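This report goes through local features of one protein and its ligand. The sequence and structure come next.

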Amino acid sequence: MFVVMATTATEADVLGVKSQILAEGLTPFDHVGNDHVVIAVVGEIGARRPVLLDRFAAMPGVMTVTPISKPFKLTSREFHPEDTVIRVLDAVIGDGSLTVMAGPCSVESRDQLFETADAVAAAGATVLRGGAFKPRTSPYAFQGLGVEALRYLAEARDRTGLPVITEVMEPNQVDIVAEYADILQIGTRNMQNYSLLRDVGRVARPVMLKRGYGATVEEWLMAAEYIVSSGNPNVILCERGIRTFETYTRNTMDLAAVPLVHHLSHLPVIVDPSHATGKRWLVKPLAIGGVAVGADGVMVEVHPNPDEALSDAEQQLTLPQFADLMTAIVPVHEQVRSLRGDLLDAGAAAGIGNGGLSKH
Ligand code: PEP
Ligand code: MN
(Lines give C-alpha, C1' and ligand atoms only; values in the text may rest on other atoms or scores of the structure.)
(Ligands and ions follow the chains in the order given, each with its own letter.)
Protein backbone atom coordinates (compact mmCIF):
# COMPACT_ATOMS: atom_id res chain seq x y z
CA MET A 1 0.00 0.00 0.00
CA PHE A 2 1.00 3.62 -0.48
CA VAL A 3 0.63 6.33 2.13
CA VAL A 4 0.12 9.67 0.39
CA MET A 5 1.08 12.58 2.62
CA ALA A 6 -0.83 15.87 2.54
CA THR A 7 0.93 18.88 1.00
CA THR A 8 0.86 20.39 4.50
CA ALA A 9 2.56 17.37 6.11
CA THR A 10 5.67 18.22 8.12
CA GLU A 11 8.96 16.32 8.16
CA ALA A 12 7.97 15.00 11.59
CA ASP A 13 4.72 13.63 10.12
CA VAL A 14 6.68 11.79 7.41
CA LEU A 15 9.09 10.42 10.00
CA GLY A 16 6.18 9.36 12.20
CA VAL A 17 4.65 7.31 9.38
CA LYS A 18 7.98 5.75 8.51
CA SER A 19 8.65 4.72 12.11
CA GLN A 20 5.17 3.23 12.37
CA ILE A 21 5.81 1.19 9.21
CA LEU A 22 9.09 -0.08 10.68
CA ALA A 23 7.34 -0.88 13.96
CA GLU A 24 4.94 -3.11 12.01
CA GLY A 25 7.94 -5.07 10.69
CA LEU A 26 7.57 -3.56 7.21
CA THR A 27 9.86 -1.34 5.13
CA PRO A 28 9.07 2.26 4.09
CA PHE A 29 10.32 3.71 0.78
CA ASP A 30 9.51 7.33 0.20
CA HIS A 31 9.26 9.26 -3.02
CA VAL A 32 9.16 13.03 -3.00
CA GLY A 33 6.90 13.78 -5.96
CA ASN A 34 5.99 17.13 -7.49
CA ASP A 35 2.93 17.49 -5.24
CA HIS A 36 3.14 14.94 -2.45
CA VAL A 37 5.47 12.70 -0.53
CA VAL A 38 4.35 9.11 -1.14
CA ILE A 39 5.55 6.35 1.18
CA ALA A 40 5.38 2.79 -0.13
CA VAL A 41 4.82 0.14 2.54
CA VAL A 42 6.74 -2.92 1.42
CA GLY A 43 6.68 -6.39 2.96
CA GLU A 44 4.29 -9.16 3.91
CA ILE A 45 1.09 -7.32 4.78
CA GLY A 46 -1.38 -10.20 4.35
CA ALA A 47 -4.47 -10.18 6.54
CA ARG A 48 -3.32 -7.07 8.42
CA ARG A 49 -4.28 -4.90 5.41
CA PRO A 50 -7.57 -3.40 6.70
CA VAL A 51 -6.15 -2.72 10.17
CA LEU A 52 -3.00 -1.12 8.76
CA LEU A 53 -4.98 0.97 6.28
CA ASP A 54 -6.97 2.50 9.18
CA ARG A 55 -3.91 2.88 11.39
CA PHE A 56 -1.87 4.78 8.79
CA ALA A 57 -4.88 6.81 7.63
CA ALA A 58 -5.38 8.14 11.17
CA MET A 59 -1.81 9.44 11.47
CA PRO A 60 -1.04 13.18 11.35
CA GLY A 61 -0.20 14.55 7.90
CA VAL A 62 -1.64 11.57 6.01
CA MET A 63 -3.94 12.43 3.10
CA THR A 64 -4.89 8.95 1.85
CA VAL A 65 -3.78 5.35 2.06
CA THR A 66 -4.21 3.37 -1.15
CA PRO A 67 -4.02 -0.39 -1.46
CA ILE A 68 -2.12 -1.41 -4.62
CA SER A 69 -3.36 -4.36 -6.59
CA LYS A 70 -0.19 -4.85 -8.60
CA PRO A 71 2.66 -6.95 -7.22
CA PHE A 72 5.30 -4.42 -8.29
CA LYS A 73 5.29 -1.32 -6.11
CA LEU A 74 8.48 0.77 -6.25
CA THR A 75 8.78 0.31 -10.00
CA SER A 76 5.14 1.29 -10.59
CA ARG A 77 4.05 4.58 -12.01
CA GLU A 78 1.42 4.87 -9.28
CA PHE A 79 4.19 5.22 -6.70
CA HIS A 80 6.43 7.38 -8.85
CA PRO A 81 4.43 9.26 -11.52
CA GLU A 82 7.41 11.11 -13.01
CA ASP A 83 9.79 9.33 -15.40
CA THR A 84 13.01 8.11 -13.81
CA VAL A 85 15.94 9.96 -15.33
CA ILE A 86 19.38 8.38 -15.01
CA ARG A 87 22.58 10.39 -15.41
CA VAL A 88 25.86 8.66 -16.01
CA LEU A 89 28.87 10.76 -17.07
CA ASP A 90 27.48 12.94 -19.89
CA ALA A 91 24.70 10.52 -20.83
CA VAL A 92 21.15 11.16 -19.66
CA ILE A 93 18.74 8.24 -19.97
CA GLY A 94 14.96 8.60 -19.73
CA ASP A 95 14.67 12.38 -20.11
CA GLY A 96 13.18 12.21 -23.60
CA SER A 97 16.55 12.20 -25.35
CA LEU A 98 17.65 9.22 -27.46
CA THR A 99 20.12 6.87 -25.79
CA VAL A 100 22.18 4.81 -28.21
CA MET A 101 24.27 2.01 -26.73
CA ALA A 102 26.60 0.51 -29.31
CA GLY A 103 29.67 -1.66 -29.46
CA PRO A 104 30.77 -5.22 -30.01
CA CYS A 105 28.99 -8.27 -28.68
CA SER A 106 32.29 -9.32 -27.08
CA VAL A 107 35.43 -7.34 -26.43
CA GLU A 108 37.92 -9.39 -28.45
CA SER A 109 41.03 -7.21 -28.32
CA ARG A 110 42.11 -3.70 -27.42
CA ASP A 111 42.34 -2.71 -31.09
CA GLN A 112 38.92 -4.17 -31.99
CA LEU A 113 37.29 -2.31 -29.09
CA PHE A 114 39.04 1.02 -29.74
CA GLU A 115 38.28 0.97 -33.46
CA THR A 116 34.61 0.31 -32.72
CA ALA A 117 34.47 2.82 -29.87
CA ASP A 118 35.94 5.63 -31.97
CA ALA A 119 33.53 4.94 -34.83
CA VAL A 120 30.35 4.66 -32.75
CA ALA A 121 31.27 7.76 -30.74
CA ALA A 122 31.85 9.72 -33.96
CA ALA A 123 28.49 8.56 -35.33
CA GLY A 124 26.60 9.71 -32.21
CA ALA A 125 26.40 6.76 -29.79
CA THR A 126 25.91 7.87 -26.19
CA VAL A 127 27.00 4.67 -24.37
CA LEU A 128 29.66 2.11 -25.35
CA ARG A 129 28.79 -1.57 -24.93
CA GLY A 130 31.09 -4.59 -24.93
CA GLY A 131 30.84 -8.03 -23.36
CA ALA A 132 33.63 -9.05 -20.98
CA PHE A 133 31.97 -12.05 -19.31
CA LYS A 134 29.88 -13.79 -21.95
CA PRO A 135 26.87 -16.02 -21.30
CA ARG A 136 27.25 -18.55 -24.13
CA THR A 137 24.84 -21.35 -24.90
CA SER A 138 27.81 -23.67 -25.51
CA PRO A 139 30.48 -24.15 -22.85
CA TYR A 140 32.98 -24.60 -25.72
CA ALA A 141 32.27 -21.18 -27.28
CA PHE A 142 34.36 -18.04 -26.56
CA GLN A 143 33.56 -17.02 -22.97
CA GLY A 144 34.93 -13.46 -23.09
CA LEU A 145 38.22 -11.89 -22.01
CA GLY A 146 36.95 -11.22 -18.48
CA VAL A 147 38.91 -8.68 -16.44
CA GLU A 148 41.24 -7.93 -19.36
CA ALA A 149 38.17 -6.74 -21.31
CA LEU A 150 37.03 -4.62 -18.35
CA ARG A 151 40.37 -2.80 -18.48
CA TYR A 152 40.01 -2.13 -22.21
CA LEU A 153 36.47 -0.85 -21.63
CA ALA A 154 37.71 1.59 -18.98
CA GLU A 155 40.43 2.78 -21.38
CA ALA A 156 37.85 3.19 -24.15
CA ARG A 157 35.71 5.29 -21.81
CA ASP A 158 38.69 7.58 -21.12
CA ARG A 159 39.38 7.79 -24.83
CA THR A 160 35.84 8.57 -26.02
CA GLY A 161 34.18 10.06 -22.94
CA LEU A 162 31.32 7.55 -23.34
CA PRO A 163 30.09 5.64 -20.28
CA VAL A 164 30.50 1.89 -20.70
CA ILE A 165 28.03 -0.92 -20.10
CA THR A 166 28.95 -4.57 -19.68
CA GLU A 167 27.27 -7.70 -18.39
CA VAL A 168 27.74 -9.12 -14.92
CA MET A 169 26.86 -12.81 -14.79
CA GLU A 170 27.50 -13.84 -11.20
CA PRO A 171 27.25 -12.30 -7.75
CA ASN A 172 31.01 -12.67 -7.23
CA GLN A 173 31.69 -10.51 -10.32
CA VAL A 174 29.58 -7.56 -9.17
CA ASP A 175 32.34 -5.65 -7.36
CA ILE A 176 34.95 -5.96 -10.09
CA VAL A 177 32.49 -5.09 -12.88
CA ALA A 178 31.23 -2.09 -10.87
CA GLU A 179 34.82 -0.97 -10.41
CA TYR A 180 35.42 -0.67 -14.17
CA ALA A 181 31.98 -0.19 -15.78
CA ASP A 182 29.53 2.70 -15.53
CA ILE A 183 26.36 0.64 -16.11
CA LEU A 184 25.92 -3.02 -15.17
CA GLN A 185 23.95 -5.25 -17.52
CA ILE A 186 21.91 -8.23 -16.37
CA GLY A 187 21.44 -10.60 -19.29
CA THR A 188 18.26 -12.33 -20.34
CA ARG A 189 19.37 -15.66 -18.85
CA ASN A 190 19.85 -14.07 -15.44
CA MET A 191 16.68 -11.99 -15.22
CA GLN A 192 15.38 -14.20 -12.42
CA ASN A 193 18.71 -14.79 -10.67
CA TYR A 194 17.47 -13.22 -7.47
CA SER A 195 20.76 -13.23 -5.56
CA LEU A 196 22.41 -11.42 -8.48
CA LEU A 197 19.53 -8.93 -8.65
CA ARG A 198 19.87 -8.21 -4.92
CA ASP A 199 23.62 -7.76 -5.25
CA VAL A 200 23.41 -5.26 -8.11
CA GLY A 201 20.75 -3.52 -6.03
CA ARG A 202 23.45 -2.69 -3.50
CA VAL A 203 25.96 -0.98 -5.81
CA ALA A 204 26.10 2.67 -6.81
CA ARG A 205 25.88 2.01 -10.55
CA PRO A 206 22.82 2.05 -12.82
CA VAL A 207 21.68 -1.41 -13.91
CA MET A 208 20.20 -2.38 -17.26
CA LEU A 209 17.90 -5.35 -16.80
CA LYS A 210 17.24 -7.34 -19.94
CA ARG A 211 13.90 -9.06 -20.22
CA GLY A 212 14.08 -12.82 -19.73
CA TYR A 213 13.37 -14.50 -23.07
CA GLY A 214 10.51 -16.41 -21.44
CA ALA A 215 9.37 -13.70 -19.03
CA THR A 216 6.08 -11.83 -18.95
CA VAL A 217 6.12 -8.06 -18.53
CA GLU A 218 5.01 -8.55 -14.93
CA GLU A 219 7.85 -10.97 -14.16
CA TRP A 220 10.28 -8.49 -15.73
CA LEU A 221 8.97 -5.65 -13.54
CA MET A 222 9.12 -7.92 -10.48
CA ALA A 223 12.79 -8.61 -11.29
CA ALA A 224 13.36 -4.84 -11.46
CA GLU A 225 11.55 -4.59 -8.12
CA TYR A 226 14.25 -6.81 -6.57
CA ILE A 227 16.93 -4.33 -7.64
CA VAL A 228 15.05 -1.20 -6.60
CA SER A 229 13.94 -2.65 -3.25
CA SER A 230 17.57 -3.58 -2.53
CA GLY A 231 18.45 0.11 -2.69
CA ASN A 232 19.26 0.91 -6.33
CA PRO A 233 16.61 3.11 -8.00
CA ASN A 234 18.57 3.49 -11.26
CA VAL A 235 17.22 0.65 -13.35
CA ILE A 236 16.90 0.67 -17.14
CA LEU A 237 14.73 -2.01 -18.76
CA CYS A 238 15.73 -3.61 -22.06
CA GLU A 239 13.36 -5.45 -24.40
CA ARG A 240 15.60 -7.88 -26.29
CA GLY A 241 13.03 -10.25 -27.76
CA ILE A 242 11.17 -13.20 -26.34
CA ARG A 243 11.09 -16.77 -27.55
CA THR A 244 8.08 -17.73 -29.65
CA PHE A 245 7.34 -20.45 -32.23
CA GLU A 246 8.93 -18.31 -34.98
CA THR A 247 12.28 -19.56 -36.21
CA TYR A 248 13.27 -17.08 -38.93
CA THR A 249 14.25 -14.62 -36.25
CA ARG A 250 16.39 -15.46 -33.20
CA ASN A 251 13.65 -14.07 -30.93
CA THR A 252 10.45 -12.08 -31.38
CA MET A 253 10.78 -8.41 -30.50
CA ASP A 254 7.81 -7.43 -28.34
CA LEU A 255 7.25 -3.86 -29.45
CA ALA A 256 4.01 -3.53 -27.49
CA ALA A 257 6.03 -4.00 -24.31
CA VAL A 258 7.58 -0.55 -24.78
CA PRO A 259 4.46 1.64 -24.42
CA LEU A 260 3.01 -0.91 -21.99
CA VAL A 261 5.98 -0.67 -19.65
CA HIS A 262 6.01 3.11 -19.97
CA HIS A 263 2.43 3.04 -18.79
CA LEU A 264 3.01 0.63 -15.90
CA SER A 265 6.39 1.90 -14.76
CA HIS A 266 8.49 5.05 -14.52
CA LEU A 267 11.70 3.27 -15.57
CA PRO A 268 13.32 3.96 -18.96
CA VAL A 269 13.01 1.27 -21.65
CA ILE A 270 15.65 0.45 -24.26
CA VAL A 271 15.18 -1.93 -27.20
CA ASP A 272 17.85 -4.35 -28.44
CA PRO A 273 17.03 -5.29 -32.05
CA SER A 274 20.36 -7.16 -32.40
CA HIS A 275 19.51 -9.98 -30.01
CA ALA A 276 15.80 -9.72 -30.83
CA THR A 277 16.31 -10.55 -34.52
CA GLY A 278 19.73 -12.21 -34.76
CA LYS A 279 20.01 -10.89 -38.32
CA ARG A 280 22.07 -7.88 -39.37
CA TRP A 281 19.65 -6.65 -42.03
CA LEU A 282 16.72 -6.68 -39.59
CA VAL A 283 18.44 -4.51 -36.99
CA LYS A 284 17.75 -1.17 -38.70
CA PRO A 285 13.99 -1.65 -39.32
CA LEU A 286 13.47 -2.94 -35.78
CA ALA A 287 15.54 -0.12 -34.27
CA ILE A 288 13.31 2.33 -36.16
CA GLY A 289 10.27 0.43 -34.86
CA GLY A 290 11.49 0.58 -31.26
CA VAL A 291 12.14 4.31 -31.44
CA ALA A 292 8.77 4.82 -33.16
CA VAL A 293 6.88 3.20 -30.26
CA GLY A 294 8.64 5.51 -27.81
CA ALA A 295 11.68 3.59 -26.54
CA ASP A 296 14.14 5.72 -24.60
CA GLY A 297 16.93 4.26 -26.67
CA VAL A 298 18.40 1.35 -28.55
CA MET A 299 21.24 -1.07 -27.93
CA VAL A 300 22.94 -2.48 -31.02
CA GLU A 301 25.98 -4.65 -31.63
CA VAL A 302 28.68 -3.20 -33.88
CA HIS A 303 31.95 -4.80 -35.03
CA PRO A 304 34.70 -3.66 -37.43
CA ASN A 305 34.49 -7.01 -39.21
CA PRO A 306 31.32 -8.81 -38.12
CA ASP A 307 31.87 -11.95 -40.16
CA GLU A 308 34.97 -12.69 -38.11
CA ALA A 309 33.40 -11.88 -34.74
CA LEU A 310 33.93 -14.41 -31.96
CA SER A 311 30.26 -14.18 -30.93
CA ASP A 312 26.99 -13.17 -32.61
CA ALA A 313 28.67 -12.70 -36.00
CA GLU A 314 25.38 -12.70 -37.92
CA GLN A 315 23.76 -9.84 -36.06
CA GLN A 316 26.55 -7.31 -35.59
CA LEU A 317 26.49 -4.18 -37.76
CA THR A 318 29.52 -2.93 -39.64
CA LEU A 319 30.80 0.53 -38.70
CA PRO A 320 29.20 2.19 -41.79
CA GLN A 321 25.94 0.34 -41.13
CA PHE A 322 25.88 1.82 -37.63
CA ALA A 323 26.38 5.35 -38.98
CA ASP A 324 23.53 4.70 -41.42
CA LEU A 325 21.30 3.44 -38.59
CA MET A 326 21.92 6.67 -36.68
CA THR A 327 20.79 8.80 -39.61
CA ALA A 328 17.59 6.70 -39.75
CA ILE A 329 16.61 6.70 -36.09
CA VAL A 330 17.44 10.28 -35.09
CA PRO A 331 14.68 11.90 -37.23
CA VAL A 332 12.16 9.25 -36.11
CA HIS A 333 12.99 10.05 -32.51
CA GLU A 334 12.51 13.78 -33.14
CA GLN A 335 9.00 13.13 -34.48
CA VAL A 336 7.96 10.68 -31.78
CA ARG A 337 9.28 12.72 -28.88
CA SER A 338 6.38 15.14 -29.13
CA LEU A 339 3.86 12.24 -29.06
CA ARG A 340 5.12 10.63 -25.86
CA GLY A 341 2.50 12.29 -23.64
CA ASP A 342 -0.28 11.18 -26.02
CA LEU A 343 0.92 7.58 -25.92
CA LEU A 344 0.78 7.52 -22.13
CA ASP A 345 -2.60 9.26 -22.01
CA ALA A 346 -4.01 6.67 -24.39
CA GLY A 347 -2.88 3.93 -21.99
CA ALA A 348 -4.46 5.69 -19.03
CA ALA A 349 -7.76 6.11 -20.89
CA ALA A 350 -7.79 2.41 -21.77
CA GLY A 351 -7.18 1.50 -18.13
CA ILE A 352 -4.57 -1.08 -19.06
CA GLY A 353 -2.77 -0.64 -15.80
CA ASN A 354 -5.63 -2.01 -13.78
CA GLY A 355 -5.09 -5.69 -14.12
CA GLY A 356 -4.30 -8.53 -16.46
CA LEU A 357 -5.14 -8.46 -20.13
CA SER A 358 -7.21 -11.07 -21.88
CA LYS A 359 -4.92 -13.43 -23.78
CA HIS A 360 -7.23 -14.09 -26.74
C1 PEP B 1 24.41 -9.23 -24.71
O2 PEP B 1 23.83 -8.13 -24.75
O3 PEP B 1 25.61 -9.35 -24.90
C4 PEP B 1 23.64 -10.45 -24.44
C5 PEP B 1 24.22 -11.61 -24.19
O6 PEP B 1 22.31 -10.26 -24.52
P7 PEP B 1 21.09 -11.16 -23.97
O8 PEP B 1 21.32 -11.36 -22.51
O9 PEP B 1 19.91 -10.31 -24.29
O10 PEP B 1 21.11 -12.43 -24.76
MN1 MN C 1 25.58 -10.66 -28.40
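## Tyr 194 and Tyr 226

Tyr 194 is part of helix α6. The model is a predicted one, and in it the C-alpha atom of Tyr 194 is 7.2 Å from that of Tyr 226, with the two positions 32 residues apart in sequence. What arrangement do the rings of Tyr 194 and Tyr 226 adopt? Their centres are 4.4 Å apart and their planes meet at 25 degrees, so the pair is stacked. The cut-off behind this label is that planes under 30 degrees apart count as stacked.

The helix assignments place this pair in the fold. Tyr 194 belongs to helix α6 (residues 194-200) and Tyr 226 to helix α7 (residues 217-229), so the two rings tie together parts that are 32 residues apart in sequence. Tyr 194 has a relative accessible area of 34% and is therefore partly exposed. Tyr 226, at 26%, also counts as partly exposed, because that class covers the range between under 20% for buried and over 50% for exposed.

Gln 192 sits in the loop between β10 (183-186) and α6. Its relative accessibility is 42%, which makes Gln 192 partly exposed. From Gln 192 to Tyr 226 the C-alpha separation is 9.5 Å, across 34 residues of chain.

## Phe 2 and Phe 79

A pair of aromatic rings is described by the distance of the centres and the angle of the planes. The count of aromatic pairs comes to two. One of them joins Phe 2 and Phe 79: the centres are 5.4 Å apart, the planes are 35 degrees apart, and the pair is tilted. Phe 2 is in strand β1 (residues 2-5), while Phe 79 is in the loop between β4 (62-66) and β5 (86-88), so this contact ties together parts that are 77 residues apart in sequence.

Are Phe 2 and Phe 79 buried or exposed? Phe 2 has a relative accessibility of 3% and counts as buried. Phe 79 counts as buried as well, with 5%.

## Ligand 1

Which residues surround ligand 1? The shell consists of Arg 129, Lys 134, Pro 135, Glu 167, Gln 185, Gly 187, Thr 188, Arg 189, Lys 210, Arg 240, His 275 and Glu 301. By class, these residues divide into seven charged, four polar and one nonpolar.

Polar side-chain atoms of three of these residues can be given with their distances to oxygen atoms of ligand 1. For Arg 129 the distance is 2.7 Å, for Lys 210 it is 2.9 Å, and for Arg 189 it is 3.2 Å. Ligand 1 exposes 290 Å² when taken alone, and the protein buries 97% of that area.

## A charge over a ring

Arg 243 and Tyr 213 form a contact of another kind. The charged end of Arg 243 sits over the ring of Tyr 213, at 4.7 Å from the ring centre.

## Loop positions

Two residues that are not glycine have a positive phi. Leu 89, in the loop between β5 and β6 (91-93), has a phi of about 50 degrees. Asp 312 likewise has a phi of about 50 degrees and is found in the loop between β14 (297-301) and α11 (319-337). With a relative accessible area of 18%, Asp 312 is buried.

Ala 9 lies in the loop between β1 and α1 (11-23). At 22% relative accessibility, Ala 9 counts as partly exposed. How far is Ala 9 from Gly 61, C-alpha to C-alpha? The separation is 4.3 Å in space, although the two positions lie 52 residues apart in sequence.

Val 203 is in the loop between α6 and β11 (207-210). Its relative accessible area is 16%, so Val 203 is buried. Val 203 and Glu 11 are 192 residues apart along the chain, and their C-alpha atoms are separated by 28 Å.

How values were computed. Residues numbered from 1 in each chain as written. Chains lettered and ligands numbered in written order. Predicted model: local features only at pLDDT ≥ 70, side-chain atom pairs only at ≥ 80, totals over all residues. Heavy atoms only, no water. Near = heavy atom within 4 Å. Polar contact = N/O pair within 3.5 Å; in protein donor to acceptor, adjacent residues only side chain to side chain. Areas by Shrake-Rupley, 256 points an atom, 1.4 Å probe, with all protein chains shown as cover. Nonpolar A, V, L, I, M, F, W, Y, C, P; charged D, E, K, R; others polar. Phe/Tyr/Trp six-rings, centres within 6.5 Å; stacked < 30°, edge-to-face > 60°. Helix = DSSP H or I, 4+ residues; strand = E, 2+ residues; numbered from the N terminus. Buried < 20%, exposed > 50% of the residue type's maximum accessible area, 1.4 Å probe, protein only. Lys NZ or Arg CZ within 6 Å of the ring centre and 35° of its normal.
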